[in-house]
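Subject: A structure for you to look at

Hi,

Here is the structure I promised to pass on. Have it open while you read, and click on the residues as they come up.

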Amino acid sequence: MDQLTVSDRDTAYVWVGRDTGGRPGPAVRLLRRAGAALLGRAEAEVVLAHGPAGNPVVRVAGPESVELPVSVSRAGRVVVVAARAAGPVGVDVEQVRALPALALARRWFPPAELAWLADRPEAGRAVDFLRLWTAKEAVGKALGVGLRGGGLLRGMPPPAGPGLPLRQVPGGEPLRVGHPELGGGLVLAVAVRAEAGVEVAVEVVQRPGPGIDVGVAQRPGVGVDVVQRPGPDVEVVQGAGHGLAADRSAPVERTSLPVVVRGNASSRRNTLGRL
């Protein structure tokens, strides 16, 4: 991350590593490099830790101890990490695939979300389901309590498609969520805690292949700007528009999309596991 230029704006940075083979090492390196860049410290000083609720943080120990909330998600051979200096951030990624969207929604979503999903075109219903699901995951991580504790039964704003500004989560809490465009058969959600009137930008940098030294360039203003660089890097810079758990050694979170759609309430609780 030697190329990283940290913006003065409140920005949630998201780094995407592809073809990582599902190994925890790339996520660990990305987290430490993100922490070093955003905290302005040497990478050797940055360690991985967990907050009181088990949420991952990167920390610089010592007399002037500082820490940075981070978030991690993994889908297949892709690992995504997010960091934000101004406050909590949550990230979740899922691979697009065929799935029984309405059956899963009946089991896990509130009635309003089920009705919204049922009215969506069948051809894109699996993607719409995954946008809602990743939004819930990301919000739970931004709250520091995970899917069960914060996102599963919380209503999400109906997804309007990728690449649009962060949207307010219903319920009165200072939470926003959105779906930056990622491509490659993936659905990405990013959530932040931020008070009304505070503009938050989301910057996503991804590189195909196993490399993880990715850069983030400074972008003035708000709105949406998509820049295709020469070479393998693609940078997507998303402004906020109108203002709107890991194991202990390597905080890499797997998808927690439920794998069953049958059973009673008790079995439902027990089978909300991680794939």
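**What I found**

Let's start with one pair: G90 stands opposite A191 in strand 9. That pair belongs to a longer match, in which strand 6 and strand 9 are antiparallel and share 7 bridges. Before we go on, please keep in mind that this is a predicted model.

**The whole chain**

The protein chain has 275 residues, and 50% of them count as buried. You'll find 6 helices and 12 strands in the protein chain. About 11,800 Å² of the protein chain is exposed, with carbon and sulfur atoms supplying 53% of that area.

**The sheet around strand 9**

Now back to the sheet. Strands of a sheet pair through backbone hydrogen bonds, and this can be parallel or antiparallel. Here 4 strands make an open sheet with antiparallel pairing, and the order is 6-9-8-7. Why do strand 6 and strand 7 each have one side without a neighbour in the sheet? Strand 6 (89-95) and strand 7 are at the edges with a single partner strand each, so one side of each is left free of a neighbour in the sheet.

Walk across the sheet from strand 9 (residues 186-193) and you reach strand 8, its antiparallel partner over 4 bridges. Look for L175 there, which stands opposite R193 in strand 9. Next comes strand 7 (residues 167-168), joined to strand 8 by 2 bridges, again antiparallel. R167 has V177 of strand 8 as its bridge partner. Strand 7 and strand 8 form a hairpin, and 6 residues lie between them. In that turn, G171 has a positive phi of about 120°.

Strand 8 is a nice one to practise on. In a regular strand, side chains alternate between the two faces of the sheet. In strand 8 (residues 175-178), L175 and V177 point one way, while R176 and G178 point the other way. Are these four buried or exposed? All are buried.

**Two hairpins earlier in the chain**

Strand 3 (residues 56-60) has 5 residues, and 4 of them are buried, so strand 3 is largely enclosed by the rest of the structure. Strand 2 (residues 46-50) pairs with strand 3 in the antiparallel sense, over 5 bridges. One contact to look up is A49, whose bridge partner in strand 3 is V57. The hairpin of strand 2 and strand 3 has 5 residues between the strands, and G54 takes a positive phi near 90°.

Strand 3 also pairs with strand 4 (residues 66-75), antiparallel over 4 bridges. This time look for R59, which has E67 in strand 4 as its bridge partner. Strand 3 and strand 4 form a hairpin too, with 5 residues between them, and G62 in the turn shows a positive phi of about 125°.

**The cores**

Which residues have the most contacts inside the largest nonpolar core? They are L99, F109, F129, W133, V139, M156 and V177, in a core of 26 residues. Helix 2 (101-108), helix 3 (111-118), helix 4 (125-143), strand 8 and strand 9 each supply at least two residues of this core. Helix 4 gives the most, with 9 residues. There is also a second, separate core of 20 residues, including V93, L186, A194 and V204.

**Two residues to check**

A126 is in helix 4. A126 counts as buried because its relative accessibility is 18%, and the cut-off for buried is under 20%. The C-alpha atoms of A126 and L102 are 8.7 Å apart, with 24 residues separating the two along the chain.

V205 sits in strand 10 (residues 201-207). V205 has 0% relative accessibility, so it counts as buried. V205 and V16 are 189 residues apart along the chain, yet their C-alpha atoms are separated by 6.2 Å.

**The largest cavity**

Rolling a probe the size of a water molecule over the atoms shows where empty space is left. The largest cavity holds about 90 Å³ of space. Its lining has 8 nonpolar, 3 polar and 1 charged residues. Among the lining residues are A135, P157, P158, P159, L164, R167, V177 and H179. You have met two of these already: R167 is the bridge partner of V177 in strand 8.

Cheers

Note on methods: Residues are numbered from 1 along each chain as its sequence is written. This is a predicted model: local features need pLDDT of at least 70, side-chain atom pairs count only at pLDDT 80 or more; totals for chains, interfaces and linings use all residues. Side-chain values use heavy atoms; hydrogens and water are left out. On a 1 Å grid over the protein atoms alone, a cavity is a set of points where a 1.4 Å probe fits but cannot get out, and a pocket is an open set with protein on both sides within 12 Å along at least five of seven lines; lining residues have an atom within 4 Å of a point. Grid points are joined across faces, edges and corners, and a volume is the space filled by probe spheres set on the points. Ala, Val, Leu, Ile, Met, Phe, Trp, Tyr, Cys and Pro count as nonpolar, Asp, Glu, Lys and Arg as charged, and the others, Gly among them, as polar. Buried means under 20% relative accessible area, exposed over 50%, partly exposed in between (1.4 Å probe, protein chains only). Accessible areas come from the Shrake-Rupley method with a 1.4 Å probe; for residues, only the protein chains shown count as cover. Two strands pair if DSSP finds at least two bridges between them. A nonpolar core is a set of buried Ala, Val, Leu, Ile, Met, Phe, Trp, Tyr and Cys residues joined through side-chain atoms within 4.5 Å.
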